[in-house]
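Please load the model in your viewer and keep the selection panel at hand. The stops below are meant to be taken in order, each with something to select and something to look for.

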Amino acid sequence: MVGILTLNEPGHGGYQPAAPFGLHSDGVPPHEILRLLLGSVNVTESSTGRTAALATNEFRQTTRRMCRPDRISLFLFEGDITLEEYAHFVTNLSQRNATYFESLRQELTLALHAKKAGRFTESFLYFYRLLEMIAVVFPLLYATTQTDFSRAHDFLRSLLSNEKDGDLKVLTTAVPVIARQANLTAVTFDFSIAGSDAAWVRLLKAQIERCGINNTGGFEFESDTEILFHVPFNSMPNLLVQFRNRMFHYRVGQSNFDLGALGGSERICQMLVSEAAHWFALIYAEILRVMARRQF
């Protein structure tokens, strides 16, 4: 059993970022989340004392373990705001929404730690919980950045087109708007089955088709032997919801994954969590960008 997870500085060369760009009392959750996604945090389990280096840059940059605040600010804003302005922004954001960002940091830590440890089903379920946590909050935060009242009004109305729709429907409606502004619409996510047995891949493909997941917008099967399919940025929330429902929300009368035939959920979730982490990194960074630029 994994105990409480504590974030630690990698401390390469003895470097310790100054507040508010460090961790715990020297940090603030909105920036700590970014550092987790940039791969510059270590995590220690309280029950065992074991430390894991969360060193994967989920933005898929070649830069590893980016922790210097000037480089992080440049990565986010390309010089549009100063480091002092960024420090003011993340501090104020944390103060206004402390509980929310602390919970978001905790859930992301659990997801990335499980991913690092190779517990892919567990990691996928944490990422699904993250999806639920951002479903309404991220669109609302985005709406506050609109300088034109009519644009903000139209955006919010589009999210609430049907009161029977759940929170995740709000996110799937908002994502294309956010993606257009961030030039993310054309970004695609490739789901790798590298190293998998050919018979298993054929069975998985057949079950994806039986469950109708291939009807997701922009979904395309690939002929490449290492990539099973890809989807565009806007379709990622819906895709993850469908995989979750067909694997873990079993409904009589609907098509569901035969996890017994597939040997369980681990290999499927391994395929999913890498792309889920990358998608979350991109949308989180964009929300920070638009909010900070609006403030300054």
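Which residue in E3 stands opposite threonine 44? Bear in mind throughout that this is a predicted model, and begin by selecting threonine 44 together with threonine 51, since threonine 51 is the residue of E3 that faces it across the pairing.

**The hairpin of E2 and E3**

Widen the selection to strand E2 (residues 41–45) and strand E3, which pair in the antiparallel sense over four bridges. Between the two strands of this hairpin lie five residues, and in the hairpin glycine 49 takes a positive phi near 80°. Now colour E3 (residues 51–54) by side-chain face: Ala52 and Leu54 make up its covered face, whereas Thr51 and Ala53 belong to the uncovered one.

**The loop between E1 and H1**

Move next to the loop between E1 and helix H1 (29–38), where proline 20 lies. The peptide bond that joins alanine 19 to proline 20 is cis, with an omega of about 5°. Histidine 24 has its place in the loop between E1 and H1 as well, and its phi is near 60°, a positive value in a residue other than glycine. Both features merit a look at the backbone, because most residues other than glycine have a negative phi, and most peptide bonds are trans. Is histidine 24 buried, partly exposed or exposed? With a relative accessibility of 46%, histidine 24 counts as partly exposed, since that class covers the values between the 20% limit for buried and the 50% limit for exposed.

**The largest pocket**

Keep histidine 24 selected, for it is among the residues that line the largest pocket, whose volume is about 240 Å³. To show the lining in full, add Ile4, Leu5, Thr6, Leu7, Glu32, Glu102, Ser103, Arg105, Gln106, Thr109 and Leu110. Strand E1 (5–8) and helix H4 (98–116) each supply at least two residues of this lining, and the largest share, six residues, comes from H4. Coloured by class, the lining of this pocket shows four nonpolar, five polar and three charged residues.

**The largest cavity**

How many cavities of 30 Å³ or more does a search of the whole structure find? The search finds one, and the volume of the largest cavity is about 40 Å³. Select Phe127, Leu130, Leu131, Ile134, Leu240, Ala276, Trp279 and Phe280 to display its lining. Helix H5 (120–134) and helix H12 (266–295) each contribute at least two of the lining residues, with H5 providing the largest share, four residues. By class, the lining of this cavity has eight nonpolar residues, and neither polar nor charged ones.

**Helix H10**

Leu240, one of the residues lining the cavity, is also listed among the buried residues of H10, so that helix is a natural next selection. Of the 13 residues of H10, 10 are buried, so the helix is largely enclosed by the rest of the structure. The buried set consists of Met236, Pro237, Leu239, Leu240, Val241, Gln242, Phe243, Asn245, Arg246 and Met247. If you draw a distance between the end C-alpha atoms of H10 (residues 236–248), they are 18 Å apart, which agrees with the 18 Å that its 13 residues should span at 1.5 Å a residue.

**The three-stranded sheet**

Turn now to the open sheet in which three strands are arranged in the order E4-E6-E5, with antiparallel pairing. Strand E4 (188–192) and strand E5 (220–221) stand at the edges, and each has a single partner strand, so one side of each is left without a neighbour in the sheet. E5 pairs with strand E6 (residues 227–232) in the antiparallel sense over two bridges, and here phenylalanine 221 stands opposite phenylalanine 229 in E6.

Select asparagine 183 afterwards, in the loop between helix H8 (167–182) and E4. Its phi is near 55°, which is a positive value in a residue other than glycine, and asparagine 183 is exposed, with a relative accessible area of 69%.

**The cysteines**

Finish with the cysteine sulfur atoms, where the count of disulfides comes to zero. Cysteine 211 is in no disulfide, and the nearest cysteine sulfur, that of cysteine 269, is 14 Å away, whereas a disulfide would require the pair to lie within 2.5 Å. Cysteine 211 is buried at a relative accessible area of 13%, and cysteine 67, at 15% relative accessibility, counts as buried too.

Key. Residues numbered from 1 in each chain as written. Predicted model: local features only at pLDDT ≥ 70, side-chain atom pairs only at ≥ 80, totals over all residues. Heavy atoms only, no water. Buried < 20%, exposed > 50% of the residue type's maximum accessible area, 1.4 Å probe, protein only. 1 Å grid on protein atoms, 1.4 Å probe; cavity = no way out; pocket = protein on both sides within 12 Å on 5 of 7 lines; lining within 4 Å. Points joined across faces, edges and corners; volume = space filled by probe spheres on them. Nonpolar A, V, L, I, M, F, W, Y, C, P; charged D, E, K, R; others polar. Pairing = 2+ DSSP bridges. Expected span 1.5 Å × (residues − 1).
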